[in-house]
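The following exercises are meant to be worked through with the sequence and the model open side by side. Each task is followed by a solution that proceeds step by step.

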Amino acid sequence: MIVDLHTHSYYSDGVLSPKDIVMKAVNAGCHYLSLTDHDSIEGLTEASTCSKDLNLNFIQGVEISAKHLSYSIHIVGLGINPNNKFLVHGLMKNNKLRIDRAKEIGKSLAHVGIENAYEKTKSLSKTKYITRTHFAQMMIKEKICNNLPSVFKKYMTGNKPGAVKVDWASSIDVINWIHQSGGLAILAHPLRYKLTSTKMKKLVSELKDIGLDGIEIVNSFSSLDDIARSKKIADDYELLYSCGSDFHGWSNQSIELGKIPLYDYGKKFVINYL
Ligand code: AMP
Ligand code: MN
Ligand code: MN
Ligand code: MN
């Protein structure tokens, strides 16, 4: 069974429309798809309608930016109701933070000689949502850098000028919004936070205490060792297993929708609980 529960459209930092994401999933032979845009549920109606027409099982999703102590983490909500007022209101708050941050990034990049970065980046986004990926695309277009990894390394991470910190909603609030809207809360790409094993255990145990339901154990680049490590974390804290490509569709990324290692998840597969 091909299942992809983590994808992005142009309602956040992906390239394709929700409809094109659904068509791509059908062509890839997916049995289940979720669209999980960053802090955005605006693509869900289009994706859901198109999935119905094409007989694809569609799970309403979102990937929410959250703060847990000093960490910025991503929590995927699966099986949410996009009309729920707690969720809608919460996402509005995160998007206000996104816009404020984008303006700050613009000012900060001006100090290193990149003028009008906010305005140029805003005009690149098809929607009102602005992510660091949009800044990266702008810098590639302006020939300041050649590719996404180099922009992130030189400008958008660590203590670089475009890495403006955001006080995202707390992990407690984010998990509550997801639960209030009837969804399951899944920790996205746990290995990408580059934590030591002790810190990872502490993070997952604290998230479990505030209601985390599952973690992603398989993504596009998972090796067998990655899967085993993530599965062990899930098992230690009695969490469900989820999986997804984190497809964005940029030509300079090799990630493909639906192309994740096949794996027998058994009873704890999140699909059984949606
Ligand atoms: P934001 O939510 O606006 O902070 O942007 C985060 C997004 O930037 C992630 O979801 C990724 O799509 C992208 N991203 C983060 N780090 C990198 C990287 N090193 N290379 C390419 N894309 C990245
Ligand atoms: Mn992204
Ligand atoms: Mn993410
Ligand atoms: Mn993602």
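## Exercise 1: the manganese ion (ligand 4)

In this predicted model, the manganese ion (ligand 4) is held at 2.1 to 2.2 Å by His6 (NE2), His8 (NE2), Glu63 (OE) and Asp246 (OD). Describe how the donors of this ion are spaced along the chain, and state where glutamate 63 and aspartate 246 lie.

Solution. Begin with the sequence, in which the donors of the manganese ion (ligand 4) follow the pattern H-x1-H-x54-E-x182-D. Next, place two of these donors in the fold: glutamate 63 belongs to strand S3 and aspartate 246 to the segment after S7, so the pair ties together parts that are 183 residues apart in sequence. Then turn to accessibility, where glutamate 63 and aspartate 246 both prove to be buried. Finally, the distance from the manganese ion (ligand 4) to the manganese ion (ligand 2) is 4.6 Å.

## Exercise 2: the manganese ion (ligand 2)

Decide what arrangement the six donor atoms around the manganese ion (ligand 2) adopt, using the angles they subtend.

Solution. First list the protein donors, which are Asp13 (OD), Asp13 (OD), His38 (NE2) and His248 (NE2), at 2.1 to 2.8 Å from the manganese ion (ligand 2). Recall that ideal angles for six octahedral donors are 90 or 180 degrees. For six donors to count as octahedral, opposite donors must be over 155 degrees apart and all others between 65 and 115. The angles at the manganese ion (ligand 2) run from 51 to 149 degrees, and the arrangement is therefore irregular.

Along the chain, the donors of this ion follow the spacing D-x24-H-x209-H. Histidine 38 sits in the loop between S2 and H2, while histidine 248 sits in the segment after strand S7 (240-243), so that parts 210 residues apart in sequence are tied together by the pair. Histidine 38 and histidine 248 are both buried.

## Exercise 3: the manganese ion (ligand 3)

Which residues coordinate the manganese ion (ligand 3), and is glutamate 63 buried or exposed?

Solution. The coordinating atoms come from Glu63 (OE), His74 (ND1) and His189 (NE2), at 2.1 to 2.2 Å, and the donors follow the spacing E-x10-H-x114-H. Of these residues, glutamate 63 is in strand S3 and histidine 74 is in strand S4 (residues 71-78), eleven residues apart. Glutamate 63 counts as buried because its relative accessibility is 0%, whereas histidine 74, at 22%, counts as partly exposed. As a last step, note that 5.6 Å separate the manganese ion (ligand 3) from the manganese ion (ligand 2).

## Exercise 4: two helices in contact

Characterise the packing of helix H3 (residues 85-110) against helix H5 (residues 132-141).

Solution. Two packed helices are described by the angle between their axes and the distance between the axes. For H3 and H5, the axes come within 11 Å and cross at roughly 35 degrees, and the crossing is right-handed. The contact involves Arg101, Ala102, Ile105, Gly106 and Leu109 on the H3 side, together with Arg132, Phe135 and Met139 on the H5 side. Sorted by character, the residues of this contact comprise five nonpolar, one polar and two charged.

## Exercise 5: the buried side of H2

Identify the buried residues of helix H2 (residues 44-53) and what covers them.

Solution. In H2, the residues Leu44, Ala47, Ser48, Cys50 and Ser51 are buried. Their cover includes helix H1 (18-27), strand S2 (32-35) and strand S3 (57-68). After H2 comes asparagine 55, which has a positive phi, near 65 degrees.

Conventions:
Residues numbered from 1 in each chain as written. Chains lettered and ligands numbered in written order. Predicted model: local features only at pLDDT ≥ 70, side-chain atom pairs only at ≥ 80, totals over all residues. Heavy atoms only, no water. Buried < 20%, exposed > 50% of the residue type's maximum accessible area, 1.4 Å probe, protein only. Helix = DSSP H or I, 4+ residues; strand = E, 2+ residues; numbered from the N terminus. Contact = heavy atoms within 4.5 Å. Axes fitted to C-alpha atoms, helices over the stretch in contact; angles between N-to-C directions. Left-handed = near helix turned anticlockwise from the far one by under 90°. Nonpolar A, V, L, I, M, F, W, Y, C, P; charged D, E, K, R; others polar. Donors = N, O, S within 2.8 Å, 3.2 Å for Na, K, Ca; no water. Tetrahedral: all angles 85-135°; square planar, octahedral: opposite > 155°, others 65-115°.
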